[in-house]
Number of protein chains: 2
Amino acid sequence: MSVAAIKYDSGVSRWEPNARGRLERAAMDLYVERGFEQTTVAEIASRAGLTERTFFRYFSDKREVLFYGAASLQELLVTTVTDAPAGTSPISAVAGAIEIAGALFQERRDGSRTRQAVIEANAELKERELIKLAALAAAMAEALRGRGVKDPIASLAAEAGIAVLKISFEEWVSLSGDDDLPLRMRAAFADLRAVTAG
Amino acid sequence: MSVAAIKYDSGVSRWEPNARGRLERAAMDLYVERGFEQTTVAEIASRAGLTERTFFRYFSDKREVLFYGAASLQELLVTTVTDAPAGTSPISAVAGAIEIAGALFQERRDGSRTRQAVIEANAELKERELIKLAALAAAMAEALRGRGVKDPIASLAAEAGIAVLKISFEEWVSLSGDDDLPLRMRAAFADLRAVTAG
DNA sequence: AAGCGCGATGTCACTCGCTGACATCACAGT
DNA sequence: ACTGTGATGTCAGCGAGTGACATCGCGCTT
């Protein structure tokens, strides 16, 4: 039971609130402090005042805790693509979505960077990140199809967008200054056009 | 000890030869028969006449057995990019490499398809595949840099190539006929040019 | 106000992937 | 014959992840 169940004389409810948030935070802290592999789920749970079993009720596995935000990002991308003005070309719709995502990352600059450092340091986490990116691409492709774009155009546009996101984000993360990510993405789309024209 | 150590009166050596190959085959068979998750490493090893411990001496994990060929594929792509005639554009060098890879898959059409069916059926395997593809992209980008191509051009060209590979391969696999994969890839590169121009 | 169902959490036992340490033993070279 | 080596086996153990069942405040019903 322990910390999470501390009861005050006043009418505090049975459990300390925000179990998921506590787990997320404990995990991030430990992953940063000692690395992903060197952290056990039991340690995370204990730091959050919960048990291992409860951790797995909130997160399907030890990696997922770092990717909890991916769902809302995907939703954002899909909505942006879907809501692009009629007549917008597939690549422009995708580019718009990707640049908005870029702005989001930029708002949480420090968070994005430490998070990325944790991921880069571990192969399992890189795998998980790649499948999340692939899911984003698939979702955007689906959104394009919803706009009447045929395959393979839809898939290609979506994958191109994700490639730009990946590459721009990597560069941006490695920079120490406060480089503008959406701008960098816009430039990358232009570069991509030039590259494919080669 | 068991099957692997059968000794014939003639001077056969201590161990049945080709342990790695036997493990690979046993694993593939079981993954196809019963699925990846439903197969334990102990079963694979036992079918190959070896022990679990030995499996892990040949393959770093249960998934890797399906991706053993990735190293030589990567080598092929890198060599092809590197050896492209001077003056070849980055995207053309990449396209050449990707189409050669496509020809390779086509040679082993049935094998490619059953293998892909196994991978598609399991999320962990998809993750592993994605990281292998990312490694291919990184290697091609590096090869381009070796030709004097600067980033982000090199990375973008490489990622574009992998996107084409992924999408074309997916379509090709889903087709029942004997569609020409390299040709489909060439078309996808053309589509990509049109898409990015949008 | 007593009773009751529910939901969040805990406890326990278990499987399986994976690893380190050490043993075995045919074969090759001396 | 002697010995070193490489491929394999044996064993013990950790940690991720899961299923089944127990606990117990809270809030609704009556």
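Student: Where does B:Thr54 meet DNA strand D?
Tutor: A phosphate oxygen of DNA strand D lies 2.6 Å from a polar atom in the side chain of B:Thr54. Please bear in mind that this is a predicted model.

Student: And which atom of DNA strand D is 2.5 Å from the side chain of B:Arg57?
Tutor: That atom is a base oxygen of DNA strand D, and its partner is an N or O atom in the side chain of B:Arg57. The side chain of B:Arg14 also has a polar atom beside a base, in this case 3.1 Å from a base nitrogen of DNA strand D.

Student: How many residues surround DNA strand D?
Tutor: There are 23 of them, and the closest are A:Arg14, A:Lys62, B:Thr54, B:Arg57 and B:Tyr58.

Student: What is the split between nonpolar, polar and charged residues near DNA strand D?
Tutor: The surface near the strand has eight nonpolar, seven polar and eight charged residues.

Student: Which helices supply at least two residues each to that surface near DNA strand D?
Tutor: They are α3 (52–58) of chain A and α3 (52–58) of chain B. The most comes from α3(B), which gives four residues.

Student: On the DNA side, what percentage of the atoms of strand D within 4 Å of the protein belong to sugar or phosphate?
Tutor: The share is 57%, and the rest of those atoms belong to bases.

Student: Changing topic: how many cavities of 30 Å³ or more are there?
Tutor: The count is two. The largest has a volume of about 230 Å³, and the second largest has about 40 Å³.

Student: What lines the largest cavity?
Tutor: It is lined by 16 residues, of which A:Glu159, A:Lys166, B:Glu159, B:Ile162 and B:Lys166 are closest to the centre. By class, the lining holds twelve nonpolar and four charged residues, with no polar ones.

Student: Which elements supply at least two residues each to the lining of the largest cavity?
Tutor: In chain A they are α7 (123–146) and α8 (153–174), and in chain B they are α7 (123–146) and α8 (153–174).

Student: Then what lines the second largest cavity?
Tutor: Chain A provides A:Glu159, A:Ala160, A:Ala163 and A:Leu192, while chain B provides B:Glu159, B:Ala160, B:Ala163 and B:Leu192. The elements giving two or more residues to this lining are α8 of chain A and α8 of chain B. Its classes are six nonpolar and two charged residues, again with no polar ones.

Student: Now a single residue. Where is B:Thr39 placed?
Tutor: B:Thr39 sits in the loop of chain B between α1 (19–34) and α2 (41–47).

Student: Why does B:Thr39 count as buried?
Tutor: B:Thr39 counts as buried because its relative accessibility is 0%, and the cut-off for buried is under 20%.

Student: What does B:Thr39 touch, leaving out residues up to four places away in sequence?
Tutor: B:Thr39 touches B:Leu30, B:Tyr31, B:Arg34, B:Ile44 and B:Lys62. With B:Leu30 there is also a polar approach, as a polar side-chain atom of B:Thr39 lies 3.5 Å from the backbone oxygen of B:Leu30.

Student: One last residue: is B:Gln116 buried or exposed?
Tutor: B:Gln116 is buried, because its relative accessible area is 5%. This residue belongs to helix α6 (residues 109–120) of chain B.

Student: And which residues does B:Gln116 touch, with the same sequence neighbours left out?
Tutor: Not counting residues up to four places away in sequence, B:Gln116 touches B:Glu129, B:Phe169 and B:Val173.

Methods. Residues numbered from 1 in each chain as written. Chains lettered and ligands numbered in written order. Predicted model: local features only at pLDDT ≥ 70, side-chain atom pairs only at ≥ 80, totals over all residues. Heavy atoms only, no water. Near = heavy atom within 4 Å. Polar contact = N/O pair within 3.5 Å; in protein donor to acceptor, adjacent residues only side chain to side chain. Nonpolar A, V, L, I, M, F, W, Y, C, P; charged D, E, K, R; others polar. 1 Å grid on protein atoms, 1.4 Å probe; cavity = no way out; pocket = protein on both sides within 12 Å on 5 of 7 lines; lining within 4 Å. Points joined across faces, edges and corners; volume = space filled by probe spheres on them. Buried < 20%, exposed > 50% of the residue type's maximum accessible area, 1.4 Å probe, protein only. Contact = heavy atoms within 4.5 Å.
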